[in-house]
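The following exercises concern a two-part reading of one structure: its overall make-up and a few selected elements. Please work through each task before consulting the solution.

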Amino acid sequence: MTHPWSKRSGSRLGGLGVVGALLLATWAQAALPPTAVGSTAPDEGDPRLEGALLLDATQVKAGGDFRVGVRLKLDPEWHVYWKNPGDSGLATDVSWDVPGVTVGDLRWPFPSTFRTPDGFITTHGYHDEVLLFAPAHVAENASGTLNVSAAVDALACKVHCIPAQLVLTRTVPVGPETVLDPEFAPRFDAAQAQVPAPVGAEGAPRVALALDGATLTAGQPFTGKLTVTGADGKPFAGDVEGDFFVPGRIPGVDSVALTRTAPGTFALKGQASSVVPKGEPRLTGALRLGTKATGFTAVDVDTALAPVVAVAGAPAGPSPLKVPSVKDAVGKVQPVVAAVPVAAESSLGLGVALLFAFLGGALLNLMPCVFPVLALKAYGFTRMVQEEKGRVAPHAAAYAGGILATMLLLAGAVLAVRAGGASVGWGFQFQEPLFVAGVSAVLVAFALNLFGVYTLGADGTALAGKVDQSHGLMRSAGEGVLAVVLATPCSAPLLGTAVGFAFAAGPATVVAVFVALGLGLALPFCLLVLVPGLAKRLPKPGMWMERGKQFLGFALLGTTVWLVWVMGGLAGVDGMARLLAFLIAVGLVTWLYGQSQGLEGGRRGVTVALAALVLVGAGAVALRFEEAQASVETRGAAVASHGGAQAWDEAAVTAALAAGQPVFVDFTADWCLTCKFNERTVLSRDDVRQAFLKHNVAFFVADWTRRDARITTKLAEHGRAGVPMYLVLSPGAPGKPEVLNELLTADSVIQAVQRAAECGSPLKGGSVVCARP
Amino acid sequence: MKQVFKALALTAAFVSAPVFAADTAEVGKPAPAFTLKDEAGKAHSLSEYKGKVVVLEWTNPECPFVKRHYEAKTMQNTQKGFDAKKVVWLTVDSSSTHNAKSAAEWKKKEGFSQPVLLDTDGAVGKSYAAKTTPHMYVIDGEGVVRYAGAIDNDPRGKETTKVNYVQTAVDALLNGKQVATPSSEPYGCSVKYKS
């Protein structure tokens with residue numbers, strides 16, 4: 001292309017060309033005042049960009065319209081940027097100063113897309129030449145000569161970049177008529193033809209988006225279908241080519257791309273940013289329809305996407321740090337998602353996590369800490385089935401509702417605490433003495449109810465054995481609540497993963513996981529309702545039910561023993577005594593209440609008031625727990641149960657590893673039954689202890705009975721929100737601890753310890769292979 | 001049981017691979033680990049700065065935007081404002097054509113003290129999805145990316161009310177607060193990766 005400003009053209013055209021170029025240049029200089037042309041982006045003295053201030057008219061009339069533009073001409077392979085520069089660069093900026101004239105928004109012809117050879121960086125802009133222009137409206141009272149001034153601020157890049165700044169000025173006379181410039185008006189028209197038509201412009205194709213899903217999930221891909229219809233309402237039949245879609249800057253969306261799937265139909269694929277944006281993102285950009293052969297039609301795209309919701313992997317609080325291996329080669333990047341189960345756990349997809357949460361919830365029914373409630377409920381069910389079929393469903397719904405409501409409350413509490421900056425873990429509520437006392441009181445009250453000290457969910461006639469339905473429903477809901485409260489510390493193997501996931505996830509996911517847990521927990525009763533035959537198989541009622549009920553009361557009291565023991569870990573012997581005193585007061589209160597149920601009117605009121613007084617008084621006196629000192633004695637039975645165990649400390653672990661000792665860390669808590677189970681049945685076994693002795697393992701106990709931020713952080717590093725967690729560290733690879741399954745077996749512990757010992761053995765010389773299972 | 005669980009976990013990892021395989025530095029997620037040598041040949045690993053706030057600055061001494069910020073002392077002054085005991089500033093150059101010698105010369109010329117890490121093969125830059133110079137990342141003591149984007153709100157060097165995003169992000173982290181602006185559009189030259 002021969003062009004007056006093409007400073008390289010002479011050398012390419014040879015002698016004759018030089019003459020021609022010079023002639024053209026002289027002519028062009030005559031057409032444009034010298035102040036309206038300029039060059040910039042000096043590259044070692046050689047300007048890479050030349051600009052010219054163009055008008056489409058040689059004379060304008062007052063109140064009339066014309067166009068002002070800046071033509072940017074670039075050296076070969078150099079480019080400037082579109083309004084959305086893409087991954088790097090800087091949008092070209094043109095600011096106008098035209099007194100007596102209102103200048104509209106800059107019109108951007110459809111841009112080219114540039115990619116680095118590796119495809120890593122994509123930018124949008126113009127090479128060779130572009131005319132960026134704007135409509136201008138002359139004021140009604142304009143007269144004489146108008147001064148037109150444009151300031152260009154751009155970035156010109158080839159591989160390296162050079163800032164390009166130009167100020168161009170010229171004048172245009174105001175006359176009776178607008179006189180188009182025969183040379184430049186067609187150039188504006190040509191540029192106008194490349195500018196995408198605004199949304200809704202007459203005769204322009206229409207773009208509609210159907211997104212798959214009602215929301216975008218932060219950090220996750222999304223898809224949809226974009227349809228383009230012509231002004232006639234029929235699908236756009238033509239083809240597209242090249243980089244036909246150029247997205248705008250969309251806050252909350254990292255990337256979007258379109259693929260043509262059928263005439264007028266495009267598949268949309270995008271990736272939402274990991275950060276949830278303010279407001280709902282819109283799909284913006286420019287779409288170029290047609291091909292070089294058929295001609296192009298470009299349209300603006302500006303259509304609503306969907307609100308972005310947070311998800312897993314976008315935690316508001318601290319998240320696990322993948323500590324790189326010491327074996328990392330210098331300059332090499334370690335993959336974040338290593339192909340080991342431990343790492344995979346923290347990257348579970350939402351669906352899988354929900355499934356695990358559901359299964360975990362179902363498993364919780366069999367846990368010793370929740371089974372009494374289950375048995376209780378089964379007993380209640382038996383009775384109901386016999387009574388009236390229709391009542392089974394409402395009771396089951398009430399039970400499930402109680403579970404779900406409590407789960408949602410827990411989810412809310414977790415979110416609130418996490419928002420407050422504290423990182424909490426599963427079972428954390430058992431680190432709070434008042435909570436333990438409250439649960440114990442509820443258990444005792446329930447037990448006494450089963451013993452028949454008082455009746456619940458029944459009016460006077462209920463004494464005769466008839467259950468009032470609404471009260472009965474309340475009781476079913478209450479049992480649901482109790483089931484959740486009791487289940488929390490029983491972190492079954494699958495549950496740990498799901499909850500670990502939930503704690504590292506966004507609010508919506510936390511709620512979803514807790515709901516899934518609740519549904520799983522309620523599952524056995526949902527089954528009883530959904531399968532009528534199953535409910536009928538439950539045994540017929542009789543005196544055995546009354547006896548069974550009383551027996552279950554003892555089971556509940558047994559659970560209380562465990563809670564009293566937990567309190568011992570939290571607040572020492574004094575705390576236990578205070579709790580027991582309070583529980584006796586609770587017994588007294590329920591007894592008083594039971595007595596009142598046989599009374600009438602005023603005397604009943606007095607008795608209930610007395611009961612309330614006893615409760616409040618006993619609570620005020622007894623419920624003052626001081627956290628026990630972190631002495632060795634109260635530091636959990638776990639330490640005592642394993643001879644030679646030390647309290648966990650990061651520095652001590654490092655020291656032991658440096659001394660060549662394999663390290664076993666037991667993350668435990670007194671209120672964690674799974675932990676206790678593992679300690680009693682596996683870690684205390686003779687063969688396990690022999691293995692520890694044989695390999696000179698340093699055994700550490702990290703006791704999470706009380707809040708301990710260091711332990712919470714350590715758990716989070718491994719994608720866990722609660723105990724138990726078992727780490728085996730090898731002196732040969734201190735950065736790669738092996739995380740054992742939550743339900744230990746003697747074999748797994750012995751083998752893990754052996755691996756750790758062999759890996760760290762100096763006898764194997766430099767070629768130590770520390771393979772992970 | 002353990003085998004089943006492992007299989008499930010691995011399956012989950014593969015199913016979610018398209019999502020999580022994007023090995024990039026995303027705000028709120030763990031920062032990709034790295035070990036790089038600086039201009040003096042000393043190796044730096046992200047892990048060794050655990051417990052400190054780490055600022056990563058992608059740079060290219062030849063980029064006009066970088067030059068402007070070094071002339072205006074933006075980077076130097078931002079860094080000076082931080083407690084060196086709590087904040088580590090690492091400058092990373094992923095330009096394929098640069099080396100320890102050129103980095104040392106630049107460091108001497110500008111007179112700053114932070115190490116210039118050389119990522120000549122671009123692997124670390126790409127793992128962070130660093131695309132511009134400057135391109136800034138702020139990583140908290142737990143190794144989680146808390147800010148990614150531009151150094152400030154002033155791509156053209158003309159803004160009268162400047163907001164230094166890195167400074168506000170680091171200050172928020174040191175005060176235990178949420179970072180108000182966790183990401184911004186980075187501006188500048190493209191990173192000159194090996195092609």
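**Exercise 1.** State how many helices and strands chain A has, and do likewise for chain B.

*Solution.* Step 1: chain A comprises 19 helices and 27 strands; helices (H or I, at least four residues) and strands (E, at least two) are DSSP runs, numbered from the N terminus. Step 2: chain B contains seven helices and nine strands. The model is a predicted one, in which local features need pLDDT of at least 70 and side-chain atom pairs count only at pLDDT 80 or more, whereas totals for chains, interfaces and linings use all residues. Residues are numbered from 1 along each chain as its sequence is written, while chains are lettered from A and ligands numbered from 1 in the order in which they are written.

**Exercise 2.** Which elements of chain A have the lowest and the highest mean pLDDT?

*Solution.* Step 1: pLDDT is the predictor's confidence in each residue, from 0 to 100, and chain A averages 74. Step 2: helix H3 (residues 341-345) of chain A has the lowest mean, 30, and strand S10 (residues 129-138) of chain A the highest, 95. Step 3: over residues 1-30 of chain A pLDDT stays under 50. Where pLDDT is low, the predicted coordinates should not be read in detail.

**Exercise 3.** Determine what share of each chain is buried.

*Solution.* Step 1: a residue is buried if 20 or more other C-beta atoms (placed from the backbone) lie within 10 Å of its own, exposed if 12 or fewer, and partly exposed in between. Step 2: buried residues make up 46% of the 773 residues in chain A and 50% of the 195 residues in chain B.

**Exercise 4.** Identify the buried residues of helix H3 (residues 64-71) of chain B and the elements against which they pack.

*Solution.* Step 1: Pro64(B), Phe65(B), Val66(B) and His69(B) are buried. Step 2: in chain A, their packing partner is strand S12 (161-175). Step 3: in chain B, they pack against strand S3 (53-59), helix H4 (74-80), strand S6 (132-133) and strand S9 (189-190). Step 4: after H3(B) comes Lys73(B), with a positive phi near 60°.

**Exercise 5.** Describe the open sheet of chain A that contains S17, S20 and S21.

*Solution.* Step 1: the order is S17-S20-S21, with antiparallel pairing; two strands pair if DSSP finds at least two bridges between them. Step 2: strand S17 (245-247) and strand S21 (295-304) of chain A are the edge strands, each pairing on one side only. Step 3: the twist averages 15° from one strand to the next; axes are lines fitted to C-alpha atoms, for helices over the stretch in contact, and angles run from 0 to 180 degrees between N-to-C directions. Step 4: three bridges join S17(A) to strand S20 (residues 282-291) of chain A, and Pro247(A) stands opposite Gly285(A) in S20(A).

Terms used
Contact = placed C-beta atoms within 7 Å.
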